[in-house]
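Welcome! Please take a look at the model below, and then we will walk through a ligand site and some helix contacts together.

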Amino acid sequence: MEREAVVIGGGLAGAAAATQLARAGRDVLLLERTRTAHHKVCGEFLSREALHYLALLGMDPAALGAVPITGVRLAACELLVETALPFMALSLTRRTLDEAILRNAEAAGVEVQRSTSAAALSRSNSAWDLSTDQGESFSARNVFLATGKHDLRGWLRSKGWHNDLVALKMYFRLSQAQHAALSGFVELILFPGGYTGLQAVENGEANLCLLITRERLRRLNGSWEAVLEHACLHSSHLRDRLSGSQALLDRPLALSSIPYGYRAPVGSDGVWRLGDQTAVIPSFSGDGMSIALHSAHLATKLFLTGNTSNVYQQQMRRQLGRGICVASALSQLLVRAPLLAQLVRVRPRLLRDIAILTRIPESAIIR
Ligand SMILES: Cc1cc2nc3c(=O)[nH]c(=O)nc-3n(C[C@H](O)[C@H](O)[C@H](O)COP(=O)(O)OP(=O)(O)OC[C@H]3O[C@@H](n4cnc5c(N)ncnc54)[C@H](O)[C@@H]3O)c2cc1C
C-alpha cells in the first residue's frame, strides 16, 4: 500500500511533524529505530522556543517533571559570571521527553512503528521506496527524514564547520549543597580544549554534557576519568560541584563527528529534512531542540499548504543562517581560548546577547 507520508525517525522533529500531519487528517506512518526512548547525548536545556512548540503540540514539560532554569553562569579561568536568562527555560531528560512526544504522536493518530530501522531510501517514478533492516518495504508519496545524528546510507550530510569535537555526557547525583547551588541555573564551564554544560534535571539529578576536541581527548588517552580530572584541574567551580557526587551511569554516553554548522543545501530531491538532518547548531547555545521542533512545524505548515520541500529548505536556510554562523564561530573560540571569559568580565550582558543572536529569529516562529 502506498502511504501518503512516512516519517523516518521518532525523535523531537519526526514526532512533532507526524503529529501535525495526523492532526490535519493525513495518513502518516512513523518509523523509529529504538524500542523505547533512551538517554541521548544532549544538554537537555529547553529554550523558550522549544517550550512554545511543545505547547503547540499540547505538551507540558513541567507536568513531566521538568525543572525551571532562570539564569546562566559562566565559569572560566577562576572567573564566575552569572546573569538572568532573557527567557524562562526548563530542563528535562530526553528519555522522558522523547517518550512523551512519541506517545503524543500516537494519541494524535500517527501510526508509530517502533524497533524499525530504515535502511534504504530511493525514488521510483512518483513515489519513494523504503526498506528496513527488519526486511519490510514501504512505498510513500512523501518522506520526512528525521533521523537526527544518524545518516541514512546514501543520504550523508556534509561535515559542517566545526566537526572536531567529541561529546560526553554523564548524570550525577550532586551533594545536597551543590545541587541547591546549581538549582535554577544552566552553567557553562570552560577548560582548555573544551567546555561543559551542567544543569539539574528531574528526579534530583544533574546532567553534565561536555564537549572536548578530539586532539585533547587523544592526549588524555580517551579516558573519561582523565577528561573529568583535566576539566576539574582547570575549574575549581566544577571541582566543587562534583565533590561528593555520585556518577549515575556505568559509563558516559559519547558522540563524535558532530557536523556542527551544517545546513542542508537547497535541493530538488523532494525529501523534507527535519531537525539535525536540516541544521546542526553548536550545543552551547542550547537551541538544537527548538530548531528540530521549528523545522517540523515549518515543514508541515508548508507541506499542508501545497508547497515543495525546496521552498521549505530555502526558508530554513535563511532563518537559521545568522544563528548557526554566530554559534559556530563562538564554539571554535570557546575551545581555543578563554577569551570569552575575559569579554564577559568586561561586558556581562554578552551572555544574554549571544543567547539572543543564536536563536531562531522571533519573526520566524510559527504561532
Ligand atoms: C552535546 C550536545 C548537547 C546538546 N544540548 C542541547 C541542549 O541543551 N538543548 C537543545 O535544545 N539542544 C541540544 N542539543 C541538540 C539536540 O540534541 C538535537 O538538535 C535534537 O535532538 C535533534 O532532534 P532530532 O529529532 O533531529 O533528532 P533526535 O532527537 O536524535 O531523533 C532522531 C531519531 O531518529 C531515530 N533514528 C535514527 N536513525 C533511524 C533509522 N534509520 N530508522 C528509524 N529511526 C531512526 C533515532 O532512534 C532517534 O529517535 C545538543 C546536542 C549535542 C550533540
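How many residues surround the ligand, and which are the closest? The ligand is surrounded by 37 residues (a residue counts if one of its heavy atoms lies within 4 Å), and the closest are Glu32, Gly43, Arg94, Asp276 and Met289.

Before going on, please note that this is a predicted model, in which local features need pLDDT of at least 70, side-chain atom pairs count only at pLDDT 80 or more, and totals for chains, interfaces and linings use all residues. Residues are numbered from 1 along each chain as its sequence is written, and side-chain values use heavy atoms, with hydrogens and water left out.

The table lists polar contacts of the ligand, meaning pairs of N or O atoms within 3.5 Å.

| Residue | Atom in the residue | Atom in the ligand | Distance |
|---|---|---|---|
| Leu12 | polar backbone atom | oxygen | 3.2 Å |
| Glu32 | side-chain N or O | oxygen | 2.7 Å |
| Glu44 | backbone N or O | oxygen | 3.1 Å |

Now for the helices, which are DSSP runs of H or I with at least four residues, numbered from the N terminus. Two packed helices are described by the angle between their axes and the distance between the axes. Axes are lines fitted to C-alpha atoms over the stretch in contact, and angles run from 0 to 180 degrees between N-to-C directions.

Let us begin with H1 (residues 12-23) and H8, whose axes come within 8 Å and cross at roughly 30°. H1 and H8 are therefore roughly parallel (angles under 35 degrees). Their crossing is right-handed (the near helix is turned clockwise from the far one by less than a right angle). In contact here (heavy atoms within 4.5 Å) are residues of H1 including Leu12 and Ala16, and residues of H8 including Met289 and Leu293. Leu12 and Met289 also appear in the ligand story: Leu12 has a polar backbone atom 3.2 Å from a ligand oxygen, and Met289 is among the closest residues to the ligand.

H8 (residues 288-304) also meets H2 (residues 48-56), with axes within 8 Å and a crossing of roughly 40°. H2 and H8 are therefore oblique to each other (neither under 35, nor 65 to 115, nor over 145 degrees). On the H2 side, Glu49, Ala50, Tyr53, Leu54 and Leu56 take part, facing Ser290, Leu293, His294 and His297 of H8.

Finally, the axes of H9 (residues 309-336) and H11 (residues 350-357) come within 9 Å and cross at roughly 135°. H9 and H11 are therefore oblique too. Arg322, Gly323, Val326 and Leu330 of H9 meet Ile354, Ile356 and Leu357 of H11.

Key: Helix = DSSP H or I, 4+ residues; strand = E, 2+ residues; numbered from the N terminus. Polar contact = N/O pair within 3.5 Å; in protein donor to acceptor, adjacent residues only side chain to side chain.
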